[in-house]
Amino acid sequence: MLDIKNLHKTFNIGTPIENHVLKGVSLRLAPGDYVTLIGGNGAGKSTLLNSVAGTFFPDEGSITIDGIDVTSLPEHKRAAYLGRVFQDPMMGTATTMSIDENLALAYRRSKRRTLRWGVTNKERARYRELLANLELGLEHRMSDKLGLLSGGQRQALTLLMATLTQPKVLLLDEHTAALDPKTAPKVLEIGDRLIAQHNLTTMMVTHNMKNAIQHGNRLIMMSGGRIVLDIAGEEKKRLTVEDLIAKFSQASGEEFAGDQALLG
Amino acid sequence: MLALFQGSVSLGLLWAVMTIGVFLTFRILSTPDLSVEGTIILGAATAARIISEGGDPFFATFLAILAGCLGGLVTGVLHTKFKIPAILAGILTMIGSYSIVIRILGASNVSLLRLTTVFTFLQDMGLSNRNAVIVFGLVVVAASGALLYCFLGTELGSAVRATGSNRNMARAQGINTDTTTILCLMISNGLVALTGALVAQNQGFASVDMGMGTIVIGLASLIIAEVLFPVRNVWSRLITLAAGAVLYRLIIAVVLELGMAPTDLRLFTAITVALALTLPLIRDKFSKMGSHGKGGSKDA
Ligand SMILES: Nc1ncnc2c1ncn2[C@@H]1O[C@H](COP(=O)(O)OP(=O)(O)OP(=O)(O)O)[C@@H](O)[C@H]1O
Ligand SMILES: [Mg+2]
């Protein structure tokens, strides 16, 4: 479903702050794969997701979504294939617009926008149903502006928006990191439910090792701009947090040794 | 007194159209656009030249709107495609417009006295000069407000609002934010040029320097509307914008009546806008000081 080949990205090329962030990332996701992605700060996780989303273009390598090469497709054209939820609850929605208007924006992600009404009553009925499924009471607040919602409600709504048109790939970048410990599991659960319901191919970045193990069918670890660990199937099911921490330091240690060897 | 009131209302209604345009960029798109200083005279000049050549005033006004849209297009392309900051892109369009306006006018000033304007047919129906402008102004403001309101409710209009609200989100929802930005700037400057065309026909001439301070007048009207009428939905906001533009004219008329030199007007407006813009900040400070005092006593 998603095929990333030898992706390289360097920020601020040719300046003193030049930063080679992605150093040849290759990754292939089968349809329905739900991958959790972990790694230290600055490992390049967000950069990888943003490359897939088209926030910027990679310097080298290619990205294919369901057989379509999107490597040089602008962000807004790629959006038709993607659903995204960001870390910051402010990022994923238009805060000055109402709940139904936000959903309507998401619903038209892959369509031409015309002079027809932005939200129809038929749509509203459907949105009300979908919102009721979230069990957050949002179905009674459809004309409320997004700015009035809590962070958790916003992330839940952003998830619903991201999955409304059944994207080929769903990208979640630490989407529960800004939420309190009671809300975060709820939003994760809503995500799991929507992903299962539509059998979505998903990449979820998290800093929570437990979440990384409990969710999804595959776990990937990044370090220094490379994928250093890729665990799936039975092996992932048996994984413990201790295992993962051991593998984490081992992987970054190897990474470090590798760099040393290069320098030498 | 009545004359002063009528004069302010008629002028205010014409400038209300521009205020709606300024609202569209500053508030809906969250992009400050200074090209209005140029597009207002672009509109005035286009209409004045065509009318002075004996052209139909309605056709002339229509072309004036197109000229304004063109100005907005230039600013939009400079800003989105060439990544020039919005303020600078607007200034470039504004500066460029001055030369174009002089070419359109063929002089720095064209008179429309005793020529047929869009107001003439109302005057022929027996309305006084002022009342003709008020009636026509009301119709134009209502029509442009209603059209704009409908537009903002469409798929395309929603995309424009989303762009102003959150560009990243808009792109993630498949919206080409370059296109929506350009579109919004075109509509806004079309409205501004419409005001220019109507004001020129009302005052009986078009000149290069009539655009100076337009943006501050627009902002002043906008801020009067926002401070006096804290409404939430777009429909009421559009109505209050017209009220803001009229009130601005009334305030100006009164201070002139009280003896302020006309040349001091711009300074007066600039200071008023500056004060109004800092008002929320001052209010915040005071309310913080208030709550701080209470919190302090608790801590102690
Ligand atoms: N747009 C950008 N311009 C310049 N540098 C960037 C940009 N985006 C990311 N970087 C840099 O790239 C490196 C990797 O950042 P990235 O956000 O991908 O890390 P991450 O793995 O998501 O980390 P975190 O866990 O902290 O979110 C960092 O050093 C960051 O400063
Ligand atoms: Mg990150």
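**Ligand 1, a cavity and a glutamate**

Visitor: What makes the side chain of E174(A) a polar contact partner of an oxygen atom of ligand 1?

Guide: An N or O atom in that side chain is 3.3 Å from an oxygen atom of ligand 1. A polar contact is a pair of N or O atoms within 3.5 Å (within protein, one must be able to donate a hydrogen and the other to accept it, and residues adjacent in sequence count only if both atoms are side-chain atoms). The pair therefore qualifies. The model is predicted: local features need pLDDT of at least 70, side-chain atom pairs count only at pLDDT 80 or more, and totals for chains, interfaces and linings use all residues. Residues are numbered from 1 along each chain as written, chains are lettered from A and ligands numbered from 1 in written order, and side-chain values use heavy atoms, without hydrogens and water.

Visitor: Which atoms of G42(A) and K45(A) lie by an oxygen atom of ligand 1?

Guide: G42(A) offers a backbone N or O atom at 2.9 Å. K45(A) offers a side-chain N or O atom at 2.8 Å. Taken alone, ligand 1 exposes 630 Å² (Shrake-Rupley, 1.4 Å probe). The protein buries 63% of that.

Visitor: How many residues surround ligand 1, and what makes a residue count?

Guide: The count is 14, and the closest are N41(A), K45(A), S46(A), T47(A) and H207(A). A residue counts if one of its heavy atoms lies within 4 Å. By class, three are nonpolar, nine polar and two charged (Gly is classed as polar). The largest share, three residues, comes from α1(A). Both β2 (19-29) and α1 (45-53) of chain A supply at least two (helices are DSSP runs of H or I, at least four residues; strands of E, at least two).

Visitor: What is the volume of the largest cavity, and why is it called a cavity?

Guide: About 40 Å³. The name applies because a 1.4 Å probe fits at its points on a 1 Å grid over the protein atoms alone but cannot get out. The structure holds one cavity of 30 Å³ or more.

Visitor: Which residues line the largest cavity?

Guide: A53(A), E75(A), A79(A), L82(A), G83(A), R84(A), R171(B) and A172(B) (an atom within 4 Å of a point). β6(A) gives the most, three residues.

Visitor: Why does E123(A) count as buried?

Guide: Its relative accessibility is 9%, and buried means under 20%, so E123(A) qualifies. E123(A) sits in helix α4 (residues 121-134) of chain A. Its side chain makes a 2.5 Å polar contact with the side chain of Y127(A).

Conventions: On a 1 Å grid over the protein atoms alone, a cavity is a set of points where a 1.4 Å probe fits but cannot get out, and a pocket is an open set with protein on both sides within 12 Å along at least five of seven lines; lining residues have an atom within 4 Å of a point. Grid points are joined across faces, edges and corners, and a volume is the space filled by probe spheres set on the points. Buried means under 20% relative accessible area, exposed over 50%, partly exposed in between (1.4 Å probe, protein chains only).
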